[in-house]
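Reader: I should be grateful for a close look at a single part of this model, with its surroundings described in a connected account.

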Amino acid sequence: MPLRAQADVREIEGVLNDILNTPFPPVARCRLLSSGFSPGHTLDIAEDLAGIKDCLGCGNCIDICPVFAREPRRREQTEQRTSMALESLVSEDCDRCYACVLVCPQVDTTIKHYIVNRRMIEDMSRLQERIGDEGEPDLDLFLEEALSQV
Ligand code: SF4
Ligand code: SF4
């Protein structure tokens, strides 16, 4: 739940594309490029969280990642549901689908819109080449769902 004033993608486009071009879970670095936690949250806590860019441990990125959908046993290695867990469990096997970035509550909407508008079609085409691979049955379903949301 980022701040109202969010990252201007024109100012970070170079580094953002470097992150998105690297086969490694991108969500933590996209989070750090974002504006941070909004003071408008409804959590019942006294601490001022405004602007923090930390992982909230919500596990959304873990739940959406297609690598775990294909290989659920990877999740059994830890109970943690953080971006650090995602990075250590997926590492260089990342598909660069960007689903983890799109579902992270700590990533700015400006960055998500950039990914959907400028990166998804190209990267979905790359992933589409793997549709029909019997060893990756979940990729079809994942693509179907992702494309229905673009
Ligand atoms: S959700 Fe997609 S981009 Fe994120 S770590 Fe998993 S495969 Fe990589
Ligand atoms: S989706 Fe949740 S667990 Fe993943 S990086 Fe964002 S805040 Fe952390």
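Author: From the N terminus on, the elements of the chain run α-α-α-α-α-α-α-α, a total of 8 helices and 0 strands; helices (H or I, at least four residues) and strands (E, at least two) are DSSP runs, numbered from the N terminus. The model is predicted: local features need pLDDT of at least 70, side-chain atom pairs count only at pLDDT 80 or more, and totals for chains, interfaces and linings use all residues. Residues are numbered from 1 along each chain as its sequence is written, while chains are lettered from A and ligands numbered from 1 in the order in which they are written.

The part chosen here is helix 5, which spans residues 83-90. Its buried residues are Ser83, Ala85, Leu86, Leu89 and Val90; a residue is buried if 20 or more other C-beta atoms lie within 10 Å of its own, with C-beta atoms placed from the backbone. These residues lie on the same side of helix 5, because they cover an arc of only 155° around the axis, the arc being that of the directions from the helix axis to the C-beta atoms. They pack against helix 2 (27-32), helix 3 (60-64), helix 4 (66-70) and helix 6 (99-103). Just after helix 5, Ser91 takes a positive phi of about 50°.

Leu86 deserves separate mention. Leaving aside neighbours within four places in sequence, Leu86 is in contact (C-beta atoms within 7 Å) with Pro25, Val27, Cys61, Ile62, Cys65 and Cys100. Within the largest nonpolar core, which has 27 residues, Leu86 is among those that touch the most other members, together with Val27, Cys61, Cys65, Cys100, Val101 and Ile111. Such a core is a set of buried Ala, Val, Leu, Ile, Met, Phe, Trp, Tyr and Cys residues joined through C-beta atoms within 7 Å. Helix 5 is one of the elements that each supply at least two residues of this core.

Helix 5 also borders the ligands. Ser83 is among the closest of the 17 residues that surround ligand 2, along with Cys55, Cys58, Cys61 and Cys104; a residue counts as near if its C-beta atom lies within 6 Å of the molecule. Around ligand 1 there are 16 residues, the closest being Pro25, Cys65, Cys94, Cys97 and Cys100. Helix 4, helix 5 and helix 6 are the elements that give two or more residues to that shell.

Technical notes
Buried ≥ 20, exposed ≤ 12 C-beta atoms within 10 Å, placed from the backbone. Contact = placed C-beta atoms within 7 Å.
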